[in-house]
Structure formats: structure tokens, C-alpha cells
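The exercises below are meant for a reader who is opening this structure for the first time. Please work through each task before reading the solution beneath it.

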Amino acid sequence: MEIDGFQQLDLEKSVPSKKTTPKRIIHFVDGDIMEEYSTEEEEEEEKEEQSTNSTLDPSKLSWGPYLRFWAGRIASTSFSTCEFLGGRFAVFFGLTQPKYQYVLNEFYRIQNKKSDNKSERRGSKAQAAEVPNEKCHLEAGVREYGTIQQDATEAIPQ
């Protein structure tokens, strides 16, 4: 049995062992230490992240890829710069607000003023509209509901 034990020890020594280093070491207040090791899946994910995040070394590229690399970098940098500055200039010059909002506000104000004048002349039970496109709301059961009323002065031709 000892021979098998020695053979097993020799095999362990001959095979290069993969020394795993802990991913994180946690030190507790009472003096305990806990070592956290990463799994194979996490190690594969880290390798993939490193390969995708690593930047190209332009000094090792030939002329074609070298020019393509710098053209792409210049284009992306200039696009990002223009996008940033365009947003800042739009806010500075007030281009983020509607262009003709003051005209629309004036139109709605005149509409409301006209509808108020008409309702006062008729003496109807019309209420002020909350929606700017509607002139007035009439109650159901009122004589004017569903009919077009004209003033006596408007009905007589001159």
C-alpha cells in the first residue's frame, strides 16, 4: 500500500498543479479570515471582458488597418464632440422650446376672448371651455342645445 501511496505522491509532483489564488480575502473584526475563490465561469467571463475591453496597439498594425483605426477613432471622437456641443448650443440659444409658441398662446387668448363675448351677448347658460378648441359647453335640455341661434341684428339683412 505504501508503494501505491508513493506512486501517487510522485504523480502529484510530476503534474503541474494549478495554484488558485483567492479572488477576495475578507478580514473580520474577531481575527477570522475568509478567502473567496472564483469559479471557472467567472474566470472565463473576465477573460472575455479583458479581450473586448483591450484597446488595439496601433504601432503593431500594418498601414491599412492603422489608417482604418485612426479614421474610426477620429470619426467617433468628432461625432461625440459635435453631439455634446450641439446640445449645449441648443440650450444656450433657446432652441429647445417651440418656435411659434407665443403665436399659439395669442391665438388661444383671442379665441377665449371671442367665445366669452358671444356668450355674454346671447345671455345663454354657456360655460367657459377648458379645452381651447371648444367654444362653449351647453347643458342638455336647454333650448339652445342642438340648434344654431342667431342674434336678431345678425338675422336681418341690411
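**Exercise 1.** Find the type of contact in which the side chains of Glu-106 and Arg-109 meet, and describe its setting.

Solution. The side chains of Glu-106 and Arg-109 form a salt bridge, with 2.6 Å from N to O; the term requires a side-chain nitrogen of Lys or Arg within 4 Å of a carboxyl oxygen of Asp or Glu. Next, place the two residues: both belong to helix H4 (residues 101–122), and because they are 3 residues apart there, about one helical turn separates them. Helices here are DSSP runs of H or I with at least four residues, strands are runs of E with at least two, and both are numbered from the N terminus. Finally, consider exposure, where buried means under 20% relative accessible area, exposed means over 50%, and partly exposed lies in between (1.4 Å probe, protein chains only). Glu-106 has 37% relative accessibility and so counts as partly exposed, and Arg-109, at 43%, is partly exposed too.

The model is a predicted one, in which local features need pLDDT of at least 70 and side-chain atom pairs count only at pLDDT 80 or more, while totals for chains, interfaces and linings use all residues. Residues are numbered from 1 along each chain as its sequence is written, and side-chain values use heavy atoms, with hydrogens and water left out.

**Exercise 2.** How many salt bridges does the rule give, and which residue pairs with Arg-24?

Solution. The count comes to 2 salt bridges. Arg-24 is joined to Glu-36, their closest N and O atoms being 2.9 Å apart. This pair links distant parts of the chain, since Arg-24 lies in strand S1 (residues 24–27) and Glu-36 in strand S2 (residues 33–36), 12 residues apart. Arg-24 is partly exposed because its relative accessibility is 45%, and Glu-36, with 24%, is likewise partly exposed.

**Exercise 3.** Check whether the span of helix H3 agrees or disagrees with its number of residues.

Solution. The expected span is 1.5 Å times one less than the number of residues. For the 31 residues of H3 (residues 63–93) this gives 45 Å, and the end C-alpha atoms are 44 Å apart, so the two agree. After the helix comes Gly-94, whose phi is positive, near 75 degrees.

**Exercise 4.** Describe how the rings of Phe-89 and Phe-93 are arranged.

Solution. Rings of Phe, Tyr and Trp (its six-membered ring) pair if their centres lie within 6.5 Å, and planes under 30 degrees apart count as stacked, over 60 as edge-to-face and the rest as tilted. A search of the whole structure finds 5 such pairs. Phe-89 and Phe-93 form a stacked pair, with 6.2 Å between centres and 25 degrees between planes. Because they are 4 residues apart in helix H3, about one helical turn separates them. Ring pairs link Phe-89, Phe-92 and Phe-93 into a cluster, and Phe-93, at 56% relative accessibility, counts as exposed.

**Exercise 5.** State the order of the elements in the protein chain.

Solution. The chain has 5 helices and 4 strands. From the N terminus on, these elements run α-β-β-α-α-α-β-β-α. Of its 158 residues, 4% count as buried.
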